[in-house]
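Good morning, colleagues. Please take a moment with the sequence and the structure, and then I shall discuss how the side chains are arranged.

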Amino acid sequence: MAHLVFFVLIFAGQLIGGFSAQRQHPSNNGKLITILSIDGGGIKAIIPATILDYLDKALKAKDPKADLADYFDVIGGTSTGSITAAMLATPSFDRPTRPAYTAAQILDFYKLNGPRIFNQSRPGNGSLFDGEGLHEAASDALKETRIGEALTNLVIPAFDIKKQKPYVFSSYKLKKVPYLNAFLSDICTSSSTAATQFPPYFFENHGVEFNLVDGGEAAVNPTQIAVSEVLQQNEDPEILVLSLGTGATKIEEIYDARLAGTWFTETWAVIDPNFQGRAYTAITEYYLSSIFSGFQPRNTYFRVQEYDLNPDFSNPVNVTQENLEGLEKTGKQLLKKKVVTFNLDTFDLEEDKETYAEALDRIADILHGERERRRRSKYMEKGEEAYLMSII
């Protein structure tokens with residue numbers, strides 16, 4: 001069957017389905033490709049970081065020496081999700097074959113650096129913040145690591161306001177487009193410069209100038225981009241995606257056609273962006289789940305998202321201690337909630353039977369099993385080579 005895809009997508013809140021990819025080391029031997037995708041959302045990055053901490057501990061229970069970057073062939077991230085992705089894949093400065101950060105350390109990074117990144121005492125000329133704290137935090141964490149040095153494939157979008165086109169900083173593209181092999185600190189700063197919050201970010205690499213803003217201008221949810229990168233590199237892949245969201249407040253049915261019929265342009269200008277955001281999110285989930293549901297009817301699209309986020313914690317730039325603690329608590333509570341699935345016919349959300357923690361445990365089993373399969377395959381290949389050498 002063409003494009004046989006096993007798409008297990010987990011957004012930090014809802015179990016729906018997905019897919020994945022691999023790094024410059026094509027370690028999947030044509031089998032399962034695994035993708036981790038992390039949404040943007042400012043300081044709400046604490047929610048997916050909390051989910052990743054749970055998954056990391058579940059995997060460490062199976063193999064204490066393995067890290068998350070060992071299990072995912074591709075990690076995609078938008079906005080602060082790009083920082084999380086890059087930190088997971090950045091080599092340790094003391095042990096370059098191992099990642100510099102665990103999920104727990106990334107969670108601590110946001111709690112420590114949130115006030116530094118979203119520092120209202122350092123406003124920009126027109127934006128809420130001057131962006132210096134963001135770039136400083138990214139530079140301190142990622143040093144001078146380039147995307148080509150990451151331990152697994154990275155896929156990070158941003159949008160160039162001068163050229164008016166998106167850039168996808170992808171490990172897969174570096175051979176054909178070497179100027180994309182920029183410092184991760186520059187890439188992540190660019191992908192995190194949300195309009196009105198930070199000024200656009202300028203940098204130059206290999207003689208090419210970039211004038212970039214938040215990757216959310218192109219894709220708040222980077223899953224489609226990560227999957228596209230994988231499909232360009234692999235024919236008929238079997239894919240697993242774990243995609244983590246940053247939470248959304250519950251929809252309140254407070255508007256109707258009669259009320260909206262009285263709105264002037266100024267009112268629409270304030271309210272319509274919220275409609276557009278909700279529509280974009282729903283259509284993205286609809287697209288991903290519907291595209292792959294035909295190939296594996298059962299659990300082919302797995303999405304996890306907190307759809308009832310406490311409005312008190314919805315502000316992406318609120319870095320009070322109370323909010324930071326509230327976001328971490330939200331992530332932990334999410335693990336105990338029932339999985340929510342997306343109905344393709346009605347666009348309604350429906351509660352499943354298992355919890356997100358139970359779903360993540362199943363994903364951990366799949367990831368660990370795939371890694372063990374690859375290791376056995378590698379050892380068998382080495383054994384065959386040794387045997388052939390012995391009879392030559």
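Arg146 lies over the face of Phe183, and the distance to the ring centre is 4.0 Å. A further case involves a lysine: Lys163 sits over the face of Phe210, at 6.0 Å from the ring centre. I should state at once that this is a predicted model.

Phe210 also belongs to an aromatic cluster, together with Tyr167, Phe169, Tyr179, Tyr201 and Phe203. Across the whole structure, the search finds 17 aromatic pairs. Allow me to present two of them.

The pair of Phe118 and Phe198 is tilted, with 45 degrees between the planes and 5.7 Å from centre to centre. Where in the chain do Phe118 and Phe198 lie? Phe118 is in the loop between helix H4 (103-117) and helix H5 (132-142), while Phe198 is in the loop between H6 and strand E7 (201-205). The two residues are 80 residues apart, and the pair thus links distant parts of the chain. Both Phe118 and Phe198 are buried.

The pair of Phe342 and Phe347 is edge-to-face: the planes are 85 degrees apart and the centres 5.5 Å apart. Are these two rings buried or partly exposed? Phe342 has a relative accessible area of 10%, and is therefore buried, being under the 20% cut-off. Phe347 has a relative accessible area of 34%; because this value falls between 20% and 50%, Phe347 counts as partly exposed.

I turn now to the nonpolar cores. In soluble globular proteins, nonpolar side chains tend to be buried together. Here, the largest nonpolar core has 80 residues, and Leu36, Phe72 and Phe169 have the most contacts inside it. Which helix gives the most to this core? It is helix H1, residues 46-60, with eight residues. Phe169, as mentioned, is also a member of the aromatic cluster.

As for Phe72, what does it touch? Leaving aside residues up to four places away in sequence, Phe72 touches Thr34, Ile35, Leu36, Leu55, Thr152, Leu242 and Leu367. A second core, separate from this one, comprises 12 residues, among them Val74, Tyr172, Val230 and Val241.

Finally, I draw your attention to helix H6, residues 184-192. This helix is mostly covered, with nine of its nine residues buried. The buried residues of H6 include Leu184, Ile187 and Cys188, and also Ser185, Asp186, Thr189 and Ser190. Ser191 and Ser192 in H6 are buried as well.

Thank you for your attention.

How values were computed: Residues are numbered from 1 along each chain as its sequence is written. This is a predicted model: local features need pLDDT of at least 70, side-chain atom pairs count only at pLDDT 80 or more; totals for chains, interfaces and linings use all residues. Side-chain values use heavy atoms; hydrogens and water are left out. A nonpolar core is a set of buried Ala, Val, Leu, Ile, Met, Phe, Trp, Tyr and Cys residues joined through side-chain atoms within 4.5 Å. Buried means under 20% relative accessible area, exposed over 50%, partly exposed in between (1.4 Å probe, protein chains only). Helices (H or I, at least four residues) and strands (E, at least two) are DSSP runs, numbered from the N terminus. Contact means heavy atoms within 4.5 Å. Rings of Phe, Tyr and Trp (its six-membered ring) pair if their centres lie within 6.5 Å; planes under 30 degrees apart count as stacked, over 60 as edge-to-face and the rest as tilted. A charge sits over a ring if NZ of Lys or CZ of Arg is within 6 Å of the ring centre and within 35 degrees of the ring normal.
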